[in-house]
Each structure stands twice: as structure tokens, then as C-alpha cells.
Amino acid sequence: MKIDVIGDIHGCLTELKTLFNELGYQWDDGIPVHPGGRMPVFVGDLTDRGPDSIAVIKLVYEMVVAKQTAKYVPGNHCNKLYRYFLGNPVKETHGLETTVAEYKALNAKQQKQVNHHFVALYEQAPLYLQLPEANAVVAHAGISEDLIGKSGKKVKTFVLYGDITGESYEDGRPVRRDWAQHYSGDKWIVYGHTPVKEPRIVNKTINIDTGCVFGNKLTAFRLPEEETVSVPSKQPFVEEKFRYFEGE
């Protein structure tokens with residue numbers, strides 16, 4: 001299996017289309033299809049903050065659910081939007097407000113369709129993907145070696161939010177352990193969630209959230225080639241959104 005894992009999109013539809021073109025996909029009835037049969041895999045956080053969240057939902061729904069030509073795992077922003085669409089009380093903050101504004105600008109029929117499509121996409125998605133044919137595991141915020149193959153609340157928290165301690169920094173960001181430093185497996189763990197300026201490889205893990213919505217770039221990781229392909233963002237650059245780790 002040849003796969004292209006695509007980092008956090010956050011409503012950046014133009015960059016996503018550019019990335020598919022850069023990866024050699026061809027457009028067939030509005031859907032990107034690779035002539036070599038490659039499989040796109042979305043690492044979550046499709047929406048929020050960027051300009052075209054609703055259009056990204058529609059495209060990913062068509063690829064993953066309708067045509068079954070791609071795979072998807074949810075991110076924490078996906079989880080929050082899912083709860084919003086179910087009618088649960090969630091705070092319209094941290095980017096959700098941009099998606100909600102787009103959604104509320106639609107007519108009732110369009111709203112119903114978008115709601116239905118996203119709920120179906122989310123409910124059919126695994127918490128994380130094991131892809132033995134590609135020797136990879138795809139999880140939005142990563143997954144520790146001991147949790148691979150398991151499910152439950154602990155696994156859900158880890159794959160959506162990372163290895164959080166329960167504490168927060170002064171600016172409200174959660175304190176997260178650098179779990180990748182302790183990974184010793186032979187499968188690739190491909191993840192996003194934490195914006196970094198360049199794809200970050202530690203052991204056999206790679207973070208491909210290169211902060212497209214914060215003005216940097218959108219990145220894909222290709223297997224079995226083990227190569228990254230990126231396209232520049234069209235969004236304003238926001239330096240403080242990028243994470244640095246000890247010793248880097």
C-alpha cells in the first residue's frame with residue numbers, strides 16, 4: 001500500500017488542492033485521484049481557523065465515505081465540531097467560531113447536509129489507523145507504543161490531545177510530554193496536532209502538522225518512500241503558534 005498522510009488542514013482548502021497537485025493527483029469530478037493508486041490519509045483537524053472549513057468537510061466526506069478513496073482519523077477539533085453538531089454545549093472558541101460562522105451562513109438544507117456528512121464521517125472513523133501494509137500507525141496527536149492495538153478512554157485522550165499531564169501553561173495550552181522520545185517501535189507513527197515549522201522526526205515518529213493555518217506550510221508524508229512533500233501556506237504567519245522542544 002502506498003499512502004500519502006496529510007497534516008492538519010484547518011480549513012485551508014486552497015493549500016490542500018495545491019498539495020494534491022504537487023503529489024501528482026488528478027482531479028476526476030472534483031475528487032483527487034492518483035494514477036498510481038495511492039491512498040490519501042487525513043490526520044485530523046480538517047476544520048477551524050482557516051477560510052474554507054465547510055468545503056474541506058465536503059471534499060473529505062466525498063473521498064472517505066462516498067467514494068472510499070481515502071482514509072481519515074479525527075483530531076481534537078473534529079471531536080469538538082462533532083459534539084457541536086450533536087447539539088452538545090461546547091464553547092465556540094479556539095477556531096470553532098470560524099467553522100460555526102460558515103455553517104450558519106448556509107441555508108437550512110445545506111446545514112442539514114453538512115451536519116449529516118460530518119457526523120457520518122466522524123462516526124465511521126477509527127480513533128487511529130493501523131496500516132500494516134504501509135508499516136505505519138496514523139493518529140492525530142500520536143500514540144505511545146503500549147497503546148497500539150488498544151481502545152478506551154485513555155487511548156482516546158492520547159490520540160486526540162497527546163500525552164497531556166493535566167496541567168496548563170500560563171497561556172492556557174496544556175502541558176504535554178514529549179512521548180516520541182520514548183518510542184522504540186519499528187512502525188512509523190505519523191501524527192500532527194502540534195504545529196512545528198519543519199516535519200519533526202524523532203525515532204520512527206513524524207509530526208507533519210507544519211502549521212498551514214498559521215502561515216507556514218501544509219505537509220504530506222509518503223510511504224513507503226519515507227519522504228515529505230510540502231506546499232506554502234497563503235495564511236498570515238503567526239510565530240507564537242509554533243512549538244519548540246527541549247534541545248531543539
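Start with helix α3, residues 76–85. Of its 10 residues, 9 are buried, so α3 is largely enclosed by the rest of the structure. Keep in mind as you click around that this is a predicted model. To see the buried set, select Asn76, His77, Cys78, Asn79, Lys80, Leu81, Tyr82, Tyr84 and Phe85.

What lies over those residues? Colour the neighbours one at a time: the cover of α3 includes α2, the strand β5 (71–72), α4 (96–104), α5 and α6. Before you leave, step just past the end of α3 to Gly87, where phi is positive, at about 95 degrees.

**Next stop: α6**

Now pick residues 153–161, which make up helix α6. Show the side chains of Val155, Phe158, Val159 and Leu160, which are buried here. You've already met part of their cover: α3 is included in it. Here too a glycine comes after the helix, and Gly162 has a positive phi near 90 degrees.

**Then the pair α2 and α5**

Two of the helices that help cover α3 are α2 and α5, and they deserve a look as a pair. Select 53–66 for α2 and 108–124 for α5. At what angle do their axes cross? The crossing is at roughly 50 degrees, with the axes coming within 10 Å. The two helices are therefore oblique to each other. As for the hand, α2 passes α5 in a left-handed crossing.

Zoom in on where they meet. On the α2 side, select Ile54, Ile57, Lys58, Val60, Tyr61, Val64 and Val65. On the α5 side, go for Val114, His117, Phe118, Ala120, Leu121 and Gln124. Try colouring this contact by residue type: you'll get 10 nonpolar residues, 2 polar and 1 charged.

If you wonder about the spacing of the numbers, an α-helix has 3.6 residues a turn, so residues three or four places apart point the same way.

**Last stop: two cysteines**

Finish by selecting Cys12 and Cys212 and drawing a line between their sulfurs. The distance is 3.8 Å, and for Cys12 the sulfur of Cys212 is the nearest cysteine sulfur. Looking back the other way, the nearest one to Cys212 is that of Cys12. Why don't they count as a disulfide? A disulfide needs the two sulfur atoms within 2.5 Å, and neither Cys12 nor Cys212 is in one. The count for the model is 0 disulfides.

Are these two cysteines buried or exposed? Cys12 counts as buried because its relative accessibility is 0%, and Cys212 is buried as well, at 1%.

Terms used: Residues are numbered from 1 along each chain as its sequence is written. This is a predicted model: local features need pLDDT of at least 70, side-chain atom pairs count only at pLDDT 80 or more; totals for chains, interfaces and linings use all residues. Side-chain values use heavy atoms; hydrogens and water are left out. Buried means under 20% relative accessible area, exposed over 50%, partly exposed in between (1.4 Å probe, protein chains only). Helices (H or I, at least four residues) and strands (E, at least two) are DSSP runs, numbered from the N terminus. Contact means heavy atoms within 4.5 Å. Axes are lines fitted to C-alpha atoms, for helices over the stretch in contact, and angles run from 0 to 180 degrees between N-to-C directions. Angles under 35 degrees count as roughly parallel, over 145 as roughly antiparallel, 65 to 115 as roughly perpendicular and the rest as oblique. A crossing is left-handed if the near helix is turned anticlockwise from the far one by less than a right angle, and right-handed if clockwise. Ala, Val, Leu, Ile, Met, Phe, Trp, Tyr, Cys and Pro count as nonpolar, Asp, Glu, Lys and Arg as charged, and the others, Gly among them, as polar.
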